[in-house]
Amino acid sequence: YPGFLGGVGADRLDDLHRYLRAAVYRLRKLPENPQRDLELMTRIQLLEEEHDALMDSLPWSPRMVDISWMLQELRVSFFAQQLGAKGPISEKRIRRAFAELLGPE
């Protein structure tokens with residue numbers, strides 16, 4: 001969209017470059033094991049659905065944006081691990097971040 005780079009911010013440009021490199025790597029590796037790719041993508045899609053539901057049900061917060069970036073880092077971890085994720089990342093960490101958004105029950 002127009003203004004995309006400005007919206008993302010200069011501090012995220014290196015991350016965007018790494019995400020694009022990770023996508024290229026993933027596409028090159030896909031023919032070797034398409035079933036593995038599908039399984040990993042399904043796991044990410046489930047997390048994205050949970051994230052979308054939270055975005056729809058809670059007021060906007062910077063933490064929601066942070067979780068969006070966490071999902072991108074998980075993609076790097078799953079599909080192009082050799083490029084390195086920015087910090088430790090896992091499905092468990094993302095689910096913990098979801099729980100923090102919801103607060104104490």
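Colleague: Which helix does His 51 lie in?
Modeller: His 51 sits in α3. Bear in mind that this is a predicted model.

Colleague: Why is His 51 called buried?
Modeller: Its relative accessible area is 5%, and buried means under 20%, so His 51 counts as buried.

Colleague: What is His 51 in contact with, leaving aside neighbours within four places in sequence?
Modeller: Met 64, Ile 67, Ser 68, Leu 71 and Phe 98.

Colleague: And which other residues of α3 are buried?
Modeller: Besides His 51, the buried residues of α3 are Asp 37, Leu 40, Met 41, Ile 44, Leu 47 and Leu 54. Their cover includes α2 (13-29), α4 and α5.

Colleague: How do you know that the span of α3 is close to the expected one?
Modeller: Take its 24 residues: from first C-alpha to last, α3 reaches 34 Å. The expected span is 1.5 Å times one less than the number of residues, which for α3 comes to 34 Å, so the two values are close.

Colleague: OK, on to Arg 18. What makes Arg 18 buried?
Modeller: Arg 18 has 10% relative accessibility. The cut-off is under 20%, so Arg 18 counts as buried. Its place is in helix α2.

Colleague: What does Arg 18 touch, not counting residues up to four places away in sequence?
Modeller: Glu 73, Val 76, Leu 83, Gly 84, Ala 85 and Lys 86.

Colleague: Why do you call the pairing of the Arg 18 and Glu 73 side chains a polar contact?
Modeller: The two side chains are joined at 2.8 Å. A polar contact needs N or O atoms within 3.5 Å, one able to donate a hydrogen and the other to accept it; the Arg 18 and Glu 73 pair counts as one, so the name fits.

Colleague: Now an opposite case: is Glu 32 buried or exposed, and why?
Modeller: Exposed. Glu 32 has 59% relative accessibility and the bar is over 50%, so it clears that bar. Glu 32 lies in the loop between α2 and α3. Glu 32 and Glu 48 are 16 residues apart in sequence, and 25 Å apart in space, C-alpha to C-alpha.

Colleague: Which residues touch the most other members of the largest nonpolar core?
Modeller: Ile 67, Leu 74 and Ile 94, out of 17 residues in that core. The elements giving two or more residues to this core are α3 (34-57), α4 (62-79) and α5 (91-102). Seven residues come from α4, the largest share.

Colleague: What surrounds Ile 67, leaving aside its neighbours within four places in sequence?
Modeller: Ile 67 is in contact with His 51, Ile 94, Ala 97, Phe 98 and Leu 101. There's also a second, separate core of seven residues, including Val 8, Leu 16, Ala 22 and Ala 80. In soluble globular proteins, nonpolar side chains tend to be buried together.

Colleague: How many helices and strands does the protein chain have?
Modeller: Five helices and zero strands, so along the sequence the pattern reads α-α-α-α-α. Buried residues make up 31% of the 105 residues.

Colleague: And which elements have the lowest and highest mean pLDDT?
Modeller: Helix α1 (residues 4-8) has the lowest, at 81, and α3 the highest, at 96. The protein chain averages 93, and 99% of the residues score at least 70.

Definitions and conventions. Residues numbered from 1 in each chain as written. Predicted model: local features only at pLDDT ≥ 70, side-chain atom pairs only at ≥ 80, totals over all residues. Heavy atoms only, no water. Core = buried A, V, L, I, M, F, W, Y, C linked by side-chain atoms within 4.5 Å. Buried < 20%, exposed > 50% of the residue type's maximum accessible area, 1.4 Å probe, protein only. Helix = DSSP H or I, 4+ residues; strand = E, 2+ residues; numbered from the N terminus. Contact = heavy atoms within 4.5 Å. pLDDT = per-residue confidence, 0-100.
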